[in-house]
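Biologist: Before I go back to the bench, I would like a close look at one part of this chain, taken slowly and with the terms explained along the way.

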Amino acid sequence: MTLLSRVFGLLRDIVLATYFGATGGTDAFLIAFKIPNFMRRLFGEGAISLAFVPVFSEYKENRDKAALQDLVNHVAGTLGGFLLTLTILGMIFAPAVVYVFAPGFSKNPEQLQLTTDLLRITFPYIFFISLVALSGGILNSFHKFAVPAFTPVLLNICLIASAFFLAPYFDEPLMALAWGVALAGLVQLLIQFPSLIKLGLMPIPKIKRGHEGVKKILRLMIPAIFGSSVAQINLLLDTIIASFLITGSVTWLYYSDRLLEFPLGVLGIAIATVILPTLSRQHARKSPEEFNITLNWALRLIALITIPACVGLFILAGPILATLFEYGKFSTIDTYFASLSLMAYMLGLPALITIKILAPGFYARQDTKTPVRIGIIAMVCNMFMNIAIVVPMVILDYEAPHVGLALATSLSAYINATLLYRGLRRGNVFQPESGWGAWIFRIIIASIAMAATIVWLNADATQWSQWQLAERIINLAVIIFTAIGAYFLVLWLQGLRPEQLKKQN
């Protein structure tokens, strides 16, 4: 389901690139969309998933159904009241919010006003999607993963439909996309209700001062909001700086980030979503050995797929962007600049996915302070590297200074992942099982073979731009599937078998 949502996400981005290109107006919409999306990561995936799920799992293991329903009701009431207030304030003070997130737009009053108008429409998305995250946390705790993982598909469908069917009726077509975002939030929430009713845990919002479970979740939420979203905060800092760079920089970074999000979502977020309830349950049962086995299994699995994904996307950055987006208003120049930042992001893909796996090792044990401390260190490093890399690029008049932002994000991700790993090791929470060296060696050898295959089959950038859609798709598919075949063939020749991928209990 996560893979399906990412495929629809790519279809959405293809539509946006073709119809709207990389313009000042597109930059405005992407900022207006990024702000509630950023807050979704903070209050939704960050706070709810990582603070609510461990406490909910503890209640599920140790208390009766009535106590579980009571917790759900009071969390829904408290969260809903806060989000409603936040939404109203965000809409009222939209100009100030835009100025904080994209201060570079202040030099263009028209772009600033357009972004403000769009944000007032998209901001309610944070209210709906955070409640979607709460509902998804309940379902995931009962190992009901399909519906929560499917909901992002609805956002993409709404945006695609808005571009095709609503945009022609607006003087500013981008307004149709903003209404598509708002509608998607409501639809994503409604689709959760049948599954919640079936479980007998449909939230009935209530507010009670001093509720034991809510207080515990709130204590975990505050650091979780920051600690789980360091990567998003780093991307936000990139956006702020990009708003001062040449027109199109925000859009180039956006499309690069979208392709980064594809493997990050399919691998990192999907596996993290699955293992968090499992780790929380194992911690509640006081089963450290099972806890360690689960973490080892998840890390082995992501290493097997992340390393070749990083190599393949790095080499094929240009061809993939050309095949997906280089139509209509998205030009060859846009493909070139977006491919540079995509390659920089790909260097950090292994670390970004590793963070998604290691962080639940802390949150499942209701330790949110350590990831926060590590997150602060990583974010400060990212800020300094942004300045240290981008400013010299601007001074030297480098054609693509936005690449420095992507590179700084990748480097800070390795700092974050390394510190998380050290924290788990020092706390005797995680111990690498035997065979890790041989496992990585096999993957590297197979990835080299895969890279050689891609380079051998790949055409130059000019040829990709000259090909029509069908030719691009066919050639890209041949390269990708041949490369995948080469990768797994070399792994098989080294003795890797499918049964070795199964989690050992």
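Biologist: Does Asp397 count as buried or as exposed, and at what relative accessibility?

Modeller: This is a predicted model, in which local features need pLDDT of at least 70 and side-chain atom pairs count only at pLDDT 80 or more, whereas totals for chains, interfaces and linings use all residues. Residues are numbered from 1 along each chain as its sequence is written, and side-chain values use heavy atoms, with hydrogens and water left out.

Asp397 counts as exposed, because its relative accessibility is 67%; the term exposed is kept for values over 50%, buried for values under 20%, and partly exposed for those in between, with a 1.4 Å probe and protein chains only. Asp397 sits in the loop between helix H17 (369–395) and H18, where helices (H or I, at least four residues) and strands (E, at least two) are DSSP runs numbered from the N terminus. The backbone deserves attention as well, since most residues other than glycine have a negative phi. Asp397, although not a glycine, has a positive phi of about 60 degrees.

The loop between H18 and H19 holds Asn428, and phi of Asn428 is near 55 degrees, again a positive value in a residue other than glycine. With a relative accessible area of 62%, Asn428 is exposed.

The helix that follows the Asp397 loop, H18 (residues 402–426), packs against H16 (residues 349–363) at an angle of about 30 degrees, with the two axes 9 Å apart. Here the axes are lines fitted to C-alpha atoms, for helices over the stretch in contact, and the angle between N-to-C directions runs from 0 to 180 degrees. H16 and H18 are therefore roughly parallel, a label given to angles under 35 degrees, while those over 145 are roughly antiparallel, those from 65 to 115 roughly perpendicular, and the rest oblique. The crossing of H16 with H18 is left-handed; that name applies if the near helix is turned anticlockwise from the far one by less than a right angle, and right-handed if clockwise.

On the H16 side the contact (heavy atoms within 4.5 Å) involves residues including Pro350, Leu352, Ile355, Leu358 and Phe362, and on the H18 side residues including Ala413, Tyr414, Leu420, Tyr421 and Leu424. Sorted by class, the residues of this contact are 13 nonpolar, four polar and no charged. In that sorting Ala, Val, Leu, Ile, Met, Phe, Trp, Tyr, Cys and Pro count as nonpolar, Asp, Glu, Lys and Arg as charged, and the others, Gly among them, as polar.

Beyond the Asn428 loop, H19 (residues 436–457) has its own partner in H13 (residues 288–315), for the two axes come within 9 Å and cross at roughly 20 degrees. That angle makes H13 roughly parallel to H19, and the crossing of this pair is right-handed. H13 contributes residues including Asn296, Arg300, Leu304, Pro308 and Ile315 to the contact, while among those of H19 are Trp436, Trp439, Ile443, Ser447 and Val455. The class count for H13 with H19 is 15 nonpolar, three polar and one charged.

Phe441 also lies in H19, yet it is exposed, with a relative accessible area of 52%. Computed along the sequence in the sense of residue count, Phe441 and Tyr345 are 96 residues apart, and their C-alpha atoms are 23 Å apart in space.

After H19 comes Asn458, in the loop between H19 and helix H20 (461–466). Asn458 is partly exposed, at a relative accessible area of 23%. Leaving out residues up to four places away in sequence, Asn458 touches Ile315, Leu316, Pro319, Trp464 and Ile479, and Ile315 is also one of the H13 residues in the contact with H19. From Asn458 to Ser447, eleven residues apart along the chain, the C-alpha separation is 16 Å.

For contrast with Asp397, consider Ser249 in helix H12 (residues 249–284), which counts as buried at 1% relative accessibility. Apart from residues up to four places away in sequence, Ser249 touches Asp27, Ala242 and His402.
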